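Please open your viewer and keep the sequence panel beside it, so that you can select each stop of this tour as you read.

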Amino acid sequence: MKYELPKLAYSYDALEPFIDAKTMEVHHSKHHQTYTDKFNAVLEKYPVLQDVPVEQLLKDLAKLEVDEKDRNAIRNHGGGYLNHKFFWEIMAPKKEVNEELKSEVEKEFGSFENFKKLFSETAANHFGSGWAWLVRDENSKLKVYGLNNQDSPLSLGHTPILCLDVWEHAYYLKYQNRRAEYVEQWWNVLKFL
Ligand code: MN
């Protein structure tokens, strides 16, 4: 089975003015396509892994029986494929507030504002390329942290709940060096909270 670039549930300009159409188009049709293609390329060498869901490959990353450079390729491009697929799904032009998640977040972090501040600071201050994550850890506790590059919380045994791409390709056309402003505006297109 080959992975295909996932279709978006909205048009490239649907998240304007917070995320501009050109950024969405390049991010989806070029960057995400490249992760998808390179992920397929490494899987071509391992027919036995082709029927294993990408989520499982990332969970089992450390114990996959592959060359080290291919493990790295699965980490980077399998991660890139899945992280972006998830990112498109948690954004929307219109909110569909998830009350259950919202009250859980309020309970865990004291208030929604506390959570928003923690997540925003994690995203804005992450050094270099990576993502900010809200996850459920191995004890089902909600946690916020940043991960480098395309690393997945799945490889730590955690379940992703929300993510924010802070690679420069995610915001540079519109926001240039103003990552904190991109992060602040992104809350407007987050689907669930
Ligand atoms: Mn990206």
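The tour goes from the whole chain to the metal site and then to a loop.

**Stop 1: the whole chain**

Show the protein chain as a cartoon, and bear in mind throughout that this is a predicted model. As you follow the ribbon you should find seven helices and three strands, and along the sequence they come in the order α-α-α-α-α-β-β-β-α-α. If you turn the view along the principal axes, the C-alpha trace spans about 45 × 40 × 30 Å. The radius of gyration is 17 Å, which agrees with the value near 16 Å that a compact globule of 193 residues would have.

**Stop 2: surface and interior**

Switch on the surface, of which the protein chain exposes about 9,900 Å², with carbon and sulfur atoms supplying 50% of that area. Of the 193 residues in the chain, 48% are buried. Among the contacts with a separation of 6 or more, 66% are between residues 24 or more positions apart. If you colour by charge, you will be looking at 25 positive and 30 negative charges, whose mean positions are 1 Å apart.

**Stop 3: the manganese ion**

Which residues coordinate the manganese ion? Select the ion together with H27, H84, D165 and H169, which coordinate the metal at 1.9 to 2.1 Å; the three histidines do this through NE2, while D165 uses OD. In the sequence panel these donor residues follow the spacing H-x56-H-x80-D-x3-H. H27 lies in helix α1 (residues 21-43) and H84 in helix α3 (residues 68-89), so that this pair, 57 residues apart, links distant parts of the chain.

Are H27 and H84 buried or exposed? H27 has a relative accessible area of 1% and H84 has 0%, and because buried means under 20%, both residues count as buried.

**Stop 4: V97 and its contacts**

Now select V97, which sits in the loop between α3 and α4 (99-109). V97 has a relative accessible area of 39%, and because this value falls between the limits of 20% and 50%, the residue is described as partly exposed. Which residues does V97 touch, once its neighbours within four places in sequence are left aside? They are K102, K191 and F192. To finish, draw a distance line between the C-alpha atoms of V97 and F192, which are separated by 4.6 Å although the two residues are 95 residues apart along the chain.

How values were computed:
Residues are numbered from 1 along each chain as its sequence is written. This is a predicted model: local features need pLDDT of at least 70, side-chain atom pairs count only at pLDDT 80 or more; totals for chains, interfaces and linings use all residues. Side-chain values use heavy atoms; hydrogens and water are left out. Donors are N, O and S atoms within 2.8 Å of the metal (3.2 Å for Na, K and Ca); water is not among the atoms, so sites may look incomplete. Helices (H or I, at least four residues) and strands (E, at least two) are DSSP runs, numbered from the N terminus. Buried means under 20% relative accessible area, exposed over 50%, partly exposed in between (1.4 Å probe, protein chains only). The radius of gyration is taken over C-alpha atoms; the globule rule is 2.2 Å times the number of residues to the power 0.38. Contact means heavy atoms within 4.5 Å. Accessible areas come from the Shrake-Rupley method with a 1.4 Å probe; for residues, only the protein chains shown count as cover. Lys and Arg count as positive and Asp and Glu as negative; His and the chain ends are not counted. The place of a charge is taken as NZ of Lys, CZ of Arg, CG of Asp or CD of Glu.
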